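User: Could you take me through one part of this structure in detail? I would like a close look at the sheet and the helices packed around it.

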Amino acid sequence: MAQINIKYNPYKMETQISINGKDITTDSGLYKIIKGKRLQEWIAKFPQMLVDELNTVDFEIEFYGMSLDWDDFEDVFKRAKESGTIKNLKMTFTEGKSDEAVSDKIVSVFTDLQEGPVDDFRDPKLIRAFENINNSVFPINVIATMSSGKSTLINALLGKKLMPSKNEACTATITEILDNDMETFTAIVHDEDEVVLQEIPNLTYEIMNDLNEDENVHRIAATGNIPFLDAKSMALMLVDTPGPNNSQNQTHKNTTYRAINSDANNLILYVLNGTQLSTNDDASFLSYVAEQIKRGGKQVRDRFLFVINKMDGFNPEEEDIGKAITAAKKYLAFYGIDDPQIFPCSAYTALNIRTYLDGVDIDNMTRADGRRLPLAARDTLPMIDKFIDYESMHLEQYSTL
């Protein structure tokens, strides 16, 4: 059994590997794929390369590094064992200093430098740049093709109706929603040249609908509360973009493709209609996504979260929900997206629970009480029963967590 020791430093992107007590040489194939690269760029190929280089399928591996990197490392090797690439495997993990400890140290060092004799460290531009990096915005780009329920999903995440939601391709602008923990949403509206058209102190669904239909509006920069997050610890921003296949604006299409191509620290939330997977709109776009994942490996793959929406459209008495999820995976695999991170949901049901039905005791509600509810809330009641009564509709069991 080969003894492998790996020490990975994500801050310097340095990896040290020893095999049976000896450091690997610079002419080793293993050295060439790890040099100066993030672990996520080479880890997918690593198990097979070990097998090829050492001519064995039995390994005892000790990994020293950060817990998040260990998660990726462990996952790849477990998959390699399940597939038969590796026969016998024993792994141990030793955790390095936490991200928080390193970040605190960086802030402390920079503060000390500002108080030192070198004036350059007190330059306002340098200080502002440091603050921007240390408190950087984390974007989640929400993309989809027509009728996937993307706007409804964003509204469900916000816990309020803000984004226009219709049964046609209705997203005609780019909307950025930055979390600031404030219940009242505000917005700054820009045209295509980034000229400010207006500032809105109280953004509502009706105003958003009007802005969306205004051909002069290109981008809406909104701020407000994204529930379950503390804006002080994470500056998260939801970015709603027009689908690349139904947007008439080439600039909007370019924005979506840039988000996919970006090496930046962002996530892509790709929303699919679970009841109607095979659409021409998805075909070319998913092929493009698959191409980017193939080029970037696990690091890029993990940036894509595939939301299988409209699960409330299935009848659990007549349809196998597990097979529907499997069909979604096969659908993505057809376009070259293997082992996708899948999250089935019902945005419509979730939104109505968090808005119209918030605080309503539906178990003790009279028929008269039910009639007084908005139509969307009444439509949601039997859907809630489906999710409660049928174990196959407990969607968390299908999620890639």
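Analyst: Happy to; here is a walk from the sheet outwards through its helices. Please keep in mind that this is a predicted model.

Let's begin with the sheet. It is open and built from 9 strands, with mixed pairing, and its order reads E9-E8-E10-E7-E11-E6-E12-E13-E14. Its edges are strand E9 (196-200) and strand E14 (341-344), each of which pairs on one side only. On average, neighbouring strands are turned by 20° against each other, with direction ignored.

At the E9 edge you can follow the pairing residue by residue. Strand E8, residues 186-190, runs antiparallel to E9, and 4 bridges join the two. Look at Val-189, for instance: its bridge partner in E9 is Gln-198.

Now to the helix on the sheet. Helix H7, residues 150-158, packs there and touches five strands by name: E6 (137-144), E7 (174-179), E11 (235-240), E12 (267-273) and E13 (304-309). The direction of H7 makes about 155° with that of E11.

H7 also has a helical partner. Two packed helices are described by the angle between their axes and the distance between the axes. For H7 and H13, the angle is about 35° and the axes lie 8 Å apart. Their crossing is left-handed. On the H7 side, the contact is made by Thr-152, Leu-153, Asn-155, Ala-156 and Leu-157, and these meet Ala-347, Tyr-348, Ala-350, Leu-351 and Arg-354 of H13.

H13 leads us on to one more helix. The buried residues of H15 pack against H13, which spans 347-354. Those buried residues of H15 are Ala-377, Thr-380, Met-383, Ile-384, Lys-386 and Phe-387. As for its length, H15 covers residues 375-389, 15 in number, and reaches 22 Å from its first C-alpha to its last, close to the 21 Å expected at 1.5 Å a residue. Do look along its axis, though: H15 has a kink of about 30° at Leu-381, shortly before the proline Pro-382.

Finally, a short detour to another helix, H4 (residues 67-83), where you will find Ser-67. Ser-67 counts as partly exposed because its relative accessibility is 30%, between the cut-offs of 20% for buried and 50% for exposed. Leaving aside neighbours within four places in sequence, Ser-67 is in contact with Phe-93 and Glu-95. Between Ser-67 and Phe-93 there are 8.6 Å in space, C-alpha to C-alpha, and the two are 26 residues apart in sequence.

How values were computed. Residues are numbered from 1 along each chain as its sequence is written. This is a predicted model: local features need pLDDT of at least 70, side-chain atom pairs count only at pLDDT 80 or more; totals for chains, interfaces and linings use all residues. Side-chain values use heavy atoms; hydrogens and water are left out. Two strands pair if DSSP finds at least two bridges between them. Axes are lines fitted to C-alpha atoms, for helices over the stretch in contact, and angles run from 0 to 180 degrees between N-to-C directions. Contact means heavy atoms within 4.5 Å. Buried means under 20% relative accessible area, exposed over 50%, partly exposed in between (1.4 Å probe, protein chains only). The expected span of a helix is 1.5 Å times one less than its number of residues. The bend at a residue is the angle between axes fitted to the seven residues ending there and the seven starting there. A crossing is left-handed if the near helix is turned anticlockwise from the far one by less than a right angle, and right-handed if clockwise.
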